[in-house]
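Q: Please give a close account of the interior of this model, with attention to its enclosed cavities. Please then set that interior against the elements around it.

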Amino acid sequence: MQVKYLDLPRQFRDNALLNKIRVLFETCQFVLGPEVEAFEANVAKLCQTPFCVGVNSCTDAIFLALKALNIGSGDEVITVPNSFFATAGAIVATGATPVFVDVGEDYNIDAGLIEKAVTDRTKAIVPVHLTGNPADMVRINEIAVKHKLYVIEDAAQAVGASLCGQAVGSFGDVGCFSLHPLKNLNVCGDGGAVTMRSKEIFEKIKLLRNHGLKNRDDVACFGYNSRLDTIQAIVGNHIIEELEKTTLKRIDNAAFYDRELSKLHEWVKVPPRRKDVKQVFHTYVVRVKRISELMKYLSSNGVETKVHYPVPIHLQQPFLALGYKRGMFPNSERQSEEIISLPIHQYLTFEQISFVSESIKSFYQGVDE
Ligand SMILES: *Cc1c(COP(=O)(O)O)cnc(C)c1O
């Protein structure tokens with residue numbers, strides 16, 4: 001039995017999608033246009049926000065959000081050390097300084113530690129909804145109001161997730177999404193989206209993503225080339241039709257793992273769950289004992305697993321050079337050595353997912369003896 005971590009070839013073997021792309025080759029309107037606008041409307045609806053701007057990645061979504069809020073050199077932005085590197089990279093790209101706050105048992109920012117990190121230079125908080133599980137947006141927003149900080153949600157992993165029925169991307173001043181092929185709402189290349197309630201921020205980011213152009217010939221401000229590709233908008237509009245279905249499949253798969261792997265609680269810790277949360281399981285992360293032996297065992301049995309992420313951001317080369325050290329964010333560091341992500345994609349069959357959980361059980365039975 002082979003259980004791949006993802007099955008993109010299966011997803012993109014799709015003639016209906018190819019036909020939609022073929023239509024674009026007749027008009028050749030490759031830059032912006034109605035498909036991008038339709039995609040923005042689709043994401044705005046999903047995120048319960050009045051506005052959305054399509055951009056070329058989540059990295060640029062975060063960067064443009066910070067720029068639109070006039071955050072840059074001399075400013076501090078609070079975020080987590082256990083995300084994909086781009087969260088911190090986008091902050092650094094503006095000239096601002098990322099200030100890391102450790103995470104809790106749910107892998108998300110520990111809201112109880114945020115206020116200690118606030119200084120008179122702090123301008124924003126960038127919580128990450130890691131694994132597709134919403135961060136504690138109620139407390140984060142309370143802290144933001146108290147200290148007059150902006151909130152930019154890194155929702156790259158959490159499209160479709162919600163807290164008490166409210167969608168991620170609608171809690172902060174700006175919500176940032178990724179359409180990267182490995183994300184839940186994926187396209188065949190790079191893409192991203194920004195959501196917001198404020199018309200002013202909407203208009204600013206729309207300018208920033210397209211050279212500051214307010215029309216074909218007139219520039220209103222300095223900007224960038226960060227547009228969402230029209231082909232990717234077509235793909236996004238196609239894939240978003242199935243998003244709820246694939247999300248529910250991921251949630252079912254997670255429930256199966258929860259049930260089966262809870263039996264191994266001495267060895268395997270399943271993801272924490274909260275009431276009133278729709279957790280979309282971009283990744284199904286378990287904390288395990290004997291991680292490297294387990295991963296080797298699973299791999300030799302045909303089960304592909306990943307680690308998100310084995311090296312915390314503050315221990316990556318560019319941050320080490322700035323004086324960050326091991327020991328500064330103990331939860332993130334400990335978790336990075338104990339977490340693995342199991343296959344959870346929408347094409348897993350019952351036989352495959354059972355095989356994954358049975359393989360994990362048989363590994364720990366071997367260890368017990
Ligand atoms: C993938 C990811 C990003 C970057 O997204 P891109 O679209 O590849 O730029 C940022 N933050 C998190 C948490 C991610 O998972």
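A: The account below takes the cavities in turn, and then the sheet, the helices and one further residue.

The model is predicted. It holds three cavities of 30 Å³ or more. The largest cavity contains about 110 Å³ of space. Its lining is made up of 15 residues, and those closest to the centre of the cavity are Leu6, Gln11, Asn186, Arg250 and Gln346. Two helices, H1 (8–12) and H10 (243–261), each supply at least two residues of this lining. H10 provides the largest share, with four residues. In terms of class, the lining of the largest cavity comprises five nonpolar, seven polar and three charged residues.

The second largest cavity encloses about 80 Å³ of space. Its lining consists of Asn82, Tyr107, Leu130, Thr131, Val285, His308, Tyr309, Pro312, Ser332, Gln335, Ser336 and Ile339. Helix H13 (residues 330–336) gives the largest share of this lining, three residues. Six residues of the lining of the second largest cavity are nonpolar and six are polar, with no charged residue.

H1 and H10, which supply residues to the lining of the largest cavity, also appear in the surroundings of helix H9. Ten of the eleven residues of helix H9 (residues 230–240) are buried, so this helix is largely enclosed by the rest of the structure. The buried residues in question are Thr230, Gln232, Ala233, Ile234, Val235, Gly236, Asn237, His238, Ile239 and Ile240. These buried residues of H9 pack against H1, helix H2 (15–27), helix H3 (34–47) and H10.

The strands are considered next. Seven strands form an open sheet in the order E1-E9-E8-E5-E4-E2-E3, and the pairing is mixed. Strand E1 (51–55) and strand E3 (97–100) stand at the edges with a single partner strand each, so one side of each has no neighbour in the sheet. From one strand to the next, the twist averages 25°. Strands of a sheet pair through backbone hydrogen bonds, in either the parallel or the antiparallel sense. Here, strand E4 (residues 122–125) and strand E5 (residues 150–154) pair in the parallel sense over two bridges. Ile125 stands opposite Val151 in E5.

Two helices lie across strands of this sheet. Helix H7 (residues 137–147) lies across E4 and E5, and runs at about 150° to E5. Helix H8 (residues 199–208) lies across E1, strand E8 (174–178) and strand E9 (192–196), and runs at about 15° to E1.

A final point of detail concerns Tyr364, which is found in helix H14 (residues 350–368). Tyr364 has a relative accessible area of 1%; residues under 20% count as buried, and Tyr364 is therefore buried. Leaving aside residues up to four places away in sequence, Tyr364 touches Leu264, Trp267, Val268, Val288, Lys289 and Leu294. The C-alpha atoms of Tyr364 and Glu266 are separated by 9.8 Å, although the two residues are 98 residues apart along the chain.

How values were computed. Residues numbered from 1 in each chain as written. Predicted model: local features only at pLDDT ≥ 70, side-chain atom pairs only at ≥ 80, totals over all residues. Heavy atoms only, no water. 1 Å grid on protein atoms, 1.4 Å probe; cavity = no way out; pocket = protein on both sides within 12 Å on 5 of 7 lines; lining within 4 Å. Points joined across faces, edges and corners; volume = space filled by probe spheres on them. Nonpolar A, V, L, I, M, F, W, Y, C, P; charged D, E, K, R; others polar. Pairing = 2+ DSSP bridges. Axes fitted to C-alpha atoms, helices over the stretch in contact; angles between N-to-C directions. Contact = heavy atoms within 4.5 Å. Buried < 20%, exposed > 50% of the residue type's maximum accessible area, 1.4 Å probe, protein only.
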